Amino acid sequence: MAAPIWVWAFYVALTLFPSVLGNSEGDALYTLRRSLSDPDNVLQSWDPTLVNPCTWFHITCNQDNRVTRVDLGNSNLSGHLVPELGKLEHLQYLELYKNDIQGTIPTELGNLKSLISLDLYNNNISGTIPPSLVKLKSLVFLRLNDNRLTGPIPRELVGISSLKVVDVSNNDLCGTIPTSGPFEHIPLNKFLKHAPLKTMLLELFILLKVPDSDTHGYGDRLPRILQILTDLKYCSKLYSFEENPRLEGPELLGLASYDTNCS
């Protein structure tokens, strides 16, 4: 018995147009391509009719043909990021640094649960750092420096225990800098050229004022006291931050609220 004509039509469609298989990763990347201006044709190989994007230049896949890297740093691209990037659920490295990308950081990037490195530095990105990035539990490198970002450093980022490198310098961020979670292990000079002397001296004064009565000493305050003394080495000018003039310094844990009229 001959197959119904619609079955043959569907087979022909799959043969001639493999993209209808619904490769969401290829579709997402091709959406990114359409949002970018590419004068040097670095995206020329991004052919949406292929079964998957693993043969495209600047794309790396794992053995299961799932996209794990997008390497488009320093590629003379302009345009904006797209929410569809959040569909690359196996992506580990998103490298788009040193281009002229504008617009905002899509909140959907928080869906990239496998992401290790988010490198968007040296672009023209505006808007705020999305708190949705807190869902990136594998993130180690977060480099957003040299953009036009505004608003606070999301305190939700303290929940990313894997975070080791954070660079948000040369933006227009405001508010205070988290000092708990992974941030307590990141030297302040990674954020600033010079630590905020006045804020640190105030916290140091409060920590030294009343020793813990049960131990006749400073107990668990001592590590923080030593950290402040270490960070004071980097002070040479009051409130001189690395091109984030509206940042107010590290939060005073238990002594001041995080929000400081920052928007």
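The exercises below, each followed by a worked solution, concern salt bridges in a predicted model.

**Exercise 1.** Determine how far apart the closest N and O atoms of R66 and E25 are, and which parts of the chain this pair ties together.

*Solution.* Begin with the distance: the closest N and O atoms of R66 and E25 are 3.4 Å apart, and the two residues form a salt bridge, since the rule asks for a side-chain nitrogen of Lys or Arg within 4 Å of a carboxyl oxygen of Asp or Glu. Next, locate the partners: R66 lies in the loop between β2 (59–61) and β3 (67–71), while E25 belongs to helix α2 (residues 24–35), so the pair ties together parts that are 41 residues apart in sequence.

**Exercise 2.** Decide whether E25 and R66 are buried, partly exposed or exposed.

*Solution.* Buried means under 20% relative accessible area, and exposed means over 50%. E25, at 2%, therefore counts as buried, whereas R66, with a relative accessible area of 26%, is partly exposed.

**Exercise 3.** Find which residues are joined into one network by salt bridges that share partners.

*Solution.* First consider E89, whose side chain meets that of R66 in a salt bridge with an N to O distance of 3.8 Å. Because E89 lies in the loop between β4 (78–80) and β5 (93–95) and R66 in the loop between β2 and β3, this pair ties together parts that are 23 residues apart in sequence. Then recall that R66 also forms a salt bridge with E25; through shared partners, E25, R66 and E89 are joined into one network.

Methods:
Residues are numbered from 1 along each chain as its sequence is written. This is a predicted model: local features need pLDDT of at least 70, side-chain atom pairs count only at pLDDT 80 or more; totals for chains, interfaces and linings use all residues. Side-chain values use heavy atoms; hydrogens and water are left out. Helices (H or I, at least four residues) and strands (E, at least two) are DSSP runs, numbered from the N terminus. Buried means under 20% relative accessible area, exposed over 50%, partly exposed in between (1.4 Å probe, protein chains only).
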